[in-house]
Structures are given as structure tokens and as C-alpha cells.
Amino acid sequence: MRRSFEKITSTVLRTFKSLLTVDLLSTLTVEEKMVRFFVNGYEDHKPGEPLTLDKEEVTAQINDHINNITKRLSPSRKNVDGGLYVGVTGVSYMFYYLSKNPVLSENKSMYLKQALDYLKPALEVSAGDKTSFLLGDAGTYSLATVLYKETGNESSAEMLKTYKSLYTQYLNPKFLKCGGDEFFVGRAGYLAGALWMSRELKTPVFTNEEMYKICDVIVASGKEYSTKHKSPCPLMYHYYNTQYLGAAHGMSFILQILLSIPGYLTYNKTAAQDIKETVEYLASLQTEEGNWPCCMEEVGQPDHKLVHWCHGAPGTIYTMAKAYLVYRDQRYIDAMVKASDLVWERGLLRKGPGICHGVAGNGYVFLLLYRITGDDKYLHRAKMFADFMVSEEFVRDARLPDNPESLYEGTAGTVCFLADLLLPDKAEFPFQDVFSTYSF
């Protein structure tokens with residue numbers, strides 16, 4: 001199991017480092033930048049301009065993607081590796097997510113059946129390390145808990161018990177040498193799963209005190225690392241010795257989770273101050289064009305080229321959103337608007353349709369801004385990104401992801417984005433809800 005996990009982690013890390021290598025070492029010409037993204041030829045929304053969305057057309061796109069996913073990625077044991085991120089568990093999540101959308105309610109029973117079909121092999125063999133939320137079994141247990149509850153399967157309680165049985169491992173300060181605090185394999189991912197389950201089940205998975213203990217370990221870990229490495233902010237984290245700042249492995253997702261745990265900022269006032277100062281430091285790293293460096297090693301460089309959820313503005317923007325909702329500071333809204341303008345300009349990525357480093361993930365930026373501001377401009381922008389994914393140019397010239405049907409790299413995530421376009425007032429990036437207060 002550990003060997004399988006290390007293989008998955010190595011593959012994912014190699015993918016991210018391949019994204020970073022050129023970015024950290026060179027400044028690209030305008031022509032070379034076009035290798036990264038398509039030129040956005042769409043007109044932006046004009047104030048007062050009517051906004052229309054052809055829901056039948058969007059639904060047809062969803063159905064086309066579903067047909068392709070079910071043809072090309074079978075719910076089998078050979079497709080379990082990679083968990084929610086690129087395995088069959090992610091497709092199961094997609095079907096569950098569709099089943100919750102009232103616009104698509106006529107297909108609810110079919111979606112739930114397919115969700116169970118794709119979940120089954122992941123419960124038969126390990127996706128990776130048990131404690132990994134996004135790459136391993138913890139994510140499978142969380143989805144099984146919710147999906148079984150939704151379908152009336154009594155095994156829901158057993159799945160929840162299994163998820164909770166992992167709890168004590170996260171309290172070990174050294175539980176992962178590679179960096180135990182981030183989203184994919186660390187404590188932030190485990191807490192994100194607990195918050196998601198609590199909302200879906202409408203009952204707390206852990207007591208506040210239990211969650212606070214993990215938060216305390218996260219804060220202590222960040223303080224220790226920051227002190228040791230003389231970081232310019234109170235909390236700093238690493239993943240395989242790289243101080244990432246983005247959502248995939250970095251500081252931004254960790255901070256979002258710490259801000260999201262109900263009552264934690266009141267419970268631990270010292271930690272609250274460290275968190276606030278670190279959020280302010282992260283906000284200060286936003287560039288004039290609206291992006292963020294991928295990692296601390298890149299701070300101060302003249303150009304930051306990755307406009308991805310995993311690295312850059314499209315993922316860090318969720319931390320700014322949560323910070324605004326917690327602190328009500330206009331600076332965070334301004335940061336979000338600046339980031340969204342960058343995504344509008346450079347977010348039509350050639351890497352594919354996915355949510356990790358693709359067009360749908362960047363489209364989610366506009367759905368987030370729409371929910372916070374109510375400005376139709378952002379709904380228009382989201383619609384244009386959806387339209388582009390069926391354009392001749394994108395179909396012809398976009399790259400094929402390594403896992404083309406998966407939740408984070410492929411079209412399963414695209415389906416979630418399109419479903420949210422049908423119901424933008426409830427839109428949310430998977431496991432990254434910034435709006436819930438988690439009070440029951």
C-alpha cells in the first residue's frame with residue numbers, strides 16, 4: 001500500500017515539477033506564452049447587457065461528457081489508483097454531485113447508481129495511503145459515508161467510523177516527512193473531508209475540540225518550519241522541501257481550512273493572530289498583474305506564468321474569498337477582482353478542460369466571484385469559458401491530459417463546472433466551499 005502511494009505521489013509531484021521547471025528558470029516571449037494559453041477573443045460583459053444561458057445546451061454538453069467518461073474509464077480495480085484526484089473515486093464524486101443538482105433531478109436515481117458503481121472498486125482495493133484525502137483511501141471513505149447515507153445503505157456508519165479511525169495519525173507532528181499539512185495527503189485534506197461530510201450529512205463528524213487539536217498541530221508545524229527557515233511570516237509549510245503557496249500543496253489551502261474550522265480563531269487567539277498575519281503576507285505577494293508565485297523560491301522574480309488552480313491565482317483566490325468572509329476587509333475583494341481579471345486574460349489553458357490545471361478550474365474563479373459580488377459580468381465570463389471548451393480551436397489544439405476522464409485533470413471536473421453553471425448561486429469548487437459556517 002505504501003509503495004502504491006509513493007508511486008502515485010511521485011507521479012503527481014513529477015507532473016507539478018514539470019509545470020514549474022521552465023517557469024522558475026526563464027522569462028518567455030509573448031509567442032512562447034501562447035504555448036500555455038489560448039488568446040481570449042471573447043468580448044467582456046457590458047453593464048446592463050442581458051445575460052442568457054441555454055440550459056439545454058449545457059445539459060447536452062454534460063451528457064456528452066458522461067457518455068465519453070463511462071465508455072473510456074470503466075469502474076474497475078485497475079482504475080482505482082489516484083483516488084479522488086485521478087481515480088474512479090473522482091468519477092463517483094462527479095455522479096454524486098450531479099445527483100444533488102435540482103436542475104438535473106430527473107436523472108438523480110441514475111446518477112446515484114453510477115456513483116455507487118464507480119465507488120465499488122475503490123472500496124475493494126486501496127487507492128494509495130489510507131491517510132491521504134485526495135490521492136488515497138481517506139477520500140474514498142468520506143465519499144462512501146455520504147453516498148451510502150444518501151442511498152439508505154447502513155454501511156454509511158461503518159465508513160464514517162473508518163474515516164474517523166484515522167484521526168490520531170494526524171496528531172503525530174511527524175506523521176509525514178514529505179510535509180503533512182497540505183491538501184493532497186496531509187491534515188488540511190483530512191479536515192476538508194470532515195467539513196464536507198458534516199455539511200452533506202447535516203451533522204458534525206467531529207466535535208469542535210477534536211478539529212481544534214488538528215488545527216493546533218497544523219499551526220505548530222507551520223510555526224516550527226517558519227522559525228527554522230527564517231520565513232517572513234509566522235506560518236510556513238513545505239511539500240517535499242518546496243514551500244508551495246498555491247492550493248494543491250501549499251499555504252493557501254492550509255490557511256483556508258484554518259479559517260473555515262468553526263470557532264477556531266476564537267478558541268486559539270494566538271493561532272488566530274498568526275493565521276491573520278500569514279494571510280496578509282500571502283495577499284501581499286500578489287503581483288501587479290494579479291497572479292501569485294508558485295512557491296517561495298519564486299518570490300521576487302519578474303514573471304509568474306502559471307495561471308492554474310494548483311499553482312497561481314485560480315487556487316489562491318479561494319483563500320482571499322474566505323479571508324474576506326471572515327475579516328470583511330475590502331483588500332481581499334480587490335485581490336480577488338485583480339486575480340479574476342488575470343484569469344479572464346490568460347485562463348483559457350491549453351493543458352485541457354480539467355479543474356486542476358485546465359479551463360474548467362479557471363472558469364470556477366468567475367462562479368466564485370459571481371457568488372460573492374452578484375455581478376453578472378462574472379457569470380458571463382464563466383459561460384464564455386464553458387463555450388470555449390466546445391469550440392473548434394480548443395477541441396483541435398488543446399492537449400490531452402494524462403487522465404482525461406478524471407475529476408481533477410479531466411472531464412469529470414468539467415462536468416461539475418458545467419453543472420454549477422446551471423445553478424451558479426450554489427456553485428463550488430470540489431471540497432473548497434468557502435461559504436458554509438458548518439453550524440448545525
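Start your tour by selecting E200, a residue in helix α10, which runs over residues 187-201. Before you click any further, keep in mind that this is a predicted model.

**Stop 1: E200 and its surroundings**

Is E200 buried or exposed? With a relative accessibility of 17%, E200 counts as buried, because the cut-off for that word is under 20%. Now show the side chain of R199 as well: a polar contact of 2.8 Å links it to the side chain of E200. Next, add Y96, K100 and V146 to your selection. E200 touches these three, once you set aside residues up to four places away in sequence.

**Stop 2: the largest cavity**

Stay with helix α10 for a moment and turn to the empty space inside the model. Rolling a probe the size of a water molecule over the atoms shows where empty space is left. How many cavities of 30 Å³ or more does the structure hold? There are 2, and the largest has a volume of about 100 Å³.

To see what surrounds the largest cavity, select A192, L195, W196, R199, Q256, I257, S260, E428, F431, Q432, D433 and Y438, which line it. Two elements, α10 and α12 (251-260), each give two or more residues to this lining. The largest share comes from α10, with 4 residues. You have already met R199: it is one of the lining residues, and its side chain is the one in polar contact with E200.

**Stop 3: V434**

Now jump to V434, which sits in the segment after α20 (411-422). V434 is buried, with a relative accessible area of 2%. Which residues is V434 in contact with, leaving aside its neighbours within four places in sequence? Select Q256, Y318, A321, K322, L325 and L368 to see them. Q256 should look familiar, since it also lines the largest cavity.

Try putting a distance label between the C-alpha atoms of V434 and A321. These two are 113 residues apart in sequence, yet 7.0 Å apart in space.

**Stop 4: the annotated binding site**

Select C310, C356 and H357 next. An unreviewed UniProt entry covers these residues with the annotation "binding site". They are spread over 48 residues of sequence but cluster in space, with a largest C-alpha distance of 6.4 Å.

Look at where the two cysteines sit. C310 is in the loop between α14 (269-284) and α15 (313-327), while C356 is in the loop between α16 (330-346) and α17 (359-373). C310 is buried, with a relative accessible area of 0%, and C356 is buried with a value of 0% too.

**Stop 5: the cysteine sulfurs**

While the cysteines are on screen, here is one last thing to check. A disulfide is a covalent bond between the sulfur atoms of two cysteines. How many disulfides does the structure hold? The count is 0. C310 is in no disulfide, and its nearest cysteine sulfur, in C356, is 3.8 Å away. That pair is not counted because the sulfurs would have to be within 2.5 Å.

Finish on C416. Its sulfur is 14 Å from the closest cysteine sulfur, again that of C356, so the gap is too far for a bond. C416 is buried, with a relative accessible area of 1%.

Notes:
Residues numbered from 1 in each chain as written. Predicted model: local features only at pLDDT ≥ 70, side-chain atom pairs only at ≥ 80, totals over all residues. Heavy atoms only, no water. Buried < 20%, exposed > 50% of the residue type's maximum accessible area, 1.4 Å probe, protein only. Polar contact = N/O pair within 3.5 Å; in protein donor to acceptor, adjacent residues only side chain to side chain. Contact = heavy atoms within 4.5 Å. UniProt positions renumbered as here; feature names shortened; annotations may be inferred. 1 Å grid on protein atoms, 1.4 Å probe; cavity = no way out; pocket = protein on both sides within 12 Å on 5 of 7 lines; lining within 4 Å. Points joined across faces, edges and corners; volume = space filled by probe spheres on them.
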